[in-house]
Amino acid sequence: MKPSEALALKRDQLGAIVARYPTTNLRVYGSVVHGKDQDNEELDLLVDALPGASLFDLGGLYLDLEEALGVPVCLLTPPEVPIKYRSKVLAEARPV
């Protein structure tokens, strides 16, 4: 399944998943935004970590998103995006 298809099927569930963690502002970027995603490709997602969020929180969110979507997920916070690509990724990211 393409990541864009999984996102379209499960979009309504994702807000509730993100709300269970100290995170906000779930966004999609990369090949899905450009309409170039392919089967078995990762779904590129960004989320803002709220104060107090831990790596365990982000890891739990990652696992829950991947389980709900049924496709591989790459979940990053903006500071984790390599500086070389950060401005481009943040400019193209779209709310889920």
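Where does Asn40 sit in this chain? Hold that thought for a second, and keep in mind that what we're looking at is a predicted model. Okay, Asn40: you'll find that residue in the loop that runs between helix 2, residues 31–34, and strand 2, residues 43–49. I picked Asn40 because of its backbone: phi is near 65°, a positive value in a residue other than glycine. And is Asn40 buried or exposed? It's exposed, because its relative accessible area is 67% and the cut-off for exposed is over 50%.

There's another asparagine to look at, Asn25. Asn25 also isn't a glycine, and it has a positive phi of about 60°. But Asn25 is in a strand, namely strand 1, residues 23–29. Its relative accessibility is 35%, so Asn25 counts as partly exposed, meaning between the 20% and 50% cut-offs.

Right, let's move on to the sheet. How many strands does the open sheet have, and in what order? Four, in the order 3-2-1-4, and the pairing is mixed. On the edges you have strand 3, residues 73–76, and strand 4, residues 94–95, and each of those pairs on one side only.

Now let's walk through some of the pairings. Strand 1 and strand 2 go antiparallel, over five bridges. If you want a spot to click on there, Thr23 stands opposite Ala49 in strand 2. Strand 2 and strand 3, on the other hand, pair in the parallel sense, over four bridges. For that pair, take Leu45, which stands opposite Leu75 in strand 3.

Stay with strand 2 for a moment. Five of its seven residues are buried, so we can call the strand mostly covered. From strand 2 the chain goes through helix 3 and on to strand 3, and that β-α-β crossover is right-handed.

So what about the helices against this sheet? Helix 3, residues 55–69, lies across strand 1, strand 2 and strand 3, and it runs at about 150° to strand 3. Then there's helix 4, residues 83–92. Which strands does helix 4 lie across? Strand 1, strand 2 and strand 4, and helix 4 runs at about 95° to strand 1.

If you rotate the model while we chat, try starting from the Asn40 loop between helix 2 and strand 2. From there, follow strand 2 through helix 3 into strand 3. Okay, that's my tour, over to you.

Notes
Residues numbered from 1 in each chain as written. Predicted model: local features only at pLDDT ≥ 70, side-chain atom pairs only at ≥ 80, totals over all residues. Heavy atoms only, no water. Helix = DSSP H or I, 4+ residues; strand = E, 2+ residues; numbered from the N terminus. Buried < 20%, exposed > 50% of the residue type's maximum accessible area, 1.4 Å probe, protein only. Pairing = 2+ DSSP bridges. Contact = heavy atoms within 4.5 Å. Axes fitted to C-alpha atoms, helices over the stretch in contact; angles between N-to-C directions. Right-handed = clockwise from strand over helix to strand, strands pointing away.
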